[in-house]
Amino acid sequence: MKTIVLLMLAICGLAFSHHDSHHHWNLFKHKFGKSYSPEEEFHRKAIFNENLEEIIKHNLDYDLGLKSYRLGLNQFSDMVS
């Protein structure tokens with residue numbers, strides 16, 4: 001079972017390209033009305049991408065029956081927890 005989970009995480013990582021993260025970042029900013037200075041945008045986008053990766057991994061575990069709930073993006077997805 002562990003091997004299947006690791007394989008699915010690897011596939012998920014390959015499927016999630018830089019283009020996808022850029023697209024999700026722009027959708028996030030638009031939906032929640034976010035705007036940043038160029039310096040802050042770089043920092044916030046990095047945090048967002050880390051959070052998005054964790055959400056994807058968690059939801060994969062959910063799909064495999066290893067978690068009892070799904071996660072999603074919200075207005076705080078550009079902040080550290």
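**Chatting about helix α3 and its salt bridges**

Colleague: What comes right after α3?
Modeller: G65 follows α3, and its phi is positive, near 80 degrees. Keep in mind that this is a predicted model.

Colleague: And how far apart are the end C-alpha atoms of α3?
Modeller: They're 37 Å apart. The helix has 26 residues, 38–63, so at 1.5 Å a residue it should span 38 Å, and the two values agree.

Colleague: Which residues in α3 are buried?
Modeller: Among them are I47, F48, L52 and I55, and also K45 and D61.

Colleague: New topic: how many salt bridges does the structure hold?
Modeller: There are 5. One of them joins K34 and D78, with the closest N and O atoms 3.4 Å apart.

Colleague: Which parts does that pair tie together?
Modeller: K34 lies in the loop between α2 and α3, and D78 in the segment after α3, so the pair links parts 44 residues apart in sequence.

Colleague: Is D78 buried or exposed?
Modeller: D78 is buried, at 2% relative accessible area. K34 is partly exposed, at 22%.

Colleague: Back to α3, what does E53 pair with?
Modeller: E53 forms a salt bridge with K57, where the closest N and O atoms are 3.1 Å apart. Both sit in α3, 4 residues apart, about one turn of the helix.

Colleague: Why does that spacing work?
Modeller: An α-helix has 3.6 residues a turn, so residues three or four places apart point the same way.

Colleague: What about E40?
Modeller: E40 meets R44 in a salt bridge, 3.3 Å from N to O. That pair is also in α3, 4 residues apart. E40 is partly exposed at 33% relative accessibility, and R44 is partly exposed at 22%.

Key
Residues are numbered from 1 along each chain as its sequence is written. This is a predicted model: local features need pLDDT of at least 70, side-chain atom pairs count only at pLDDT 80 or more; totals for chains, interfaces and linings use all residues. Side-chain values use heavy atoms; hydrogens and water are left out. Helices (H or I, at least four residues) and strands (E, at least two) are DSSP runs, numbered from the N terminus. The expected span of a helix is 1.5 Å times one less than its number of residues. Buried means under 20% relative accessible area, exposed over 50%, partly exposed in between (1.4 Å probe, protein chains only). A salt bridge is a side-chain nitrogen of Lys or Arg within 4 Å of a carboxyl oxygen of Asp or Glu.
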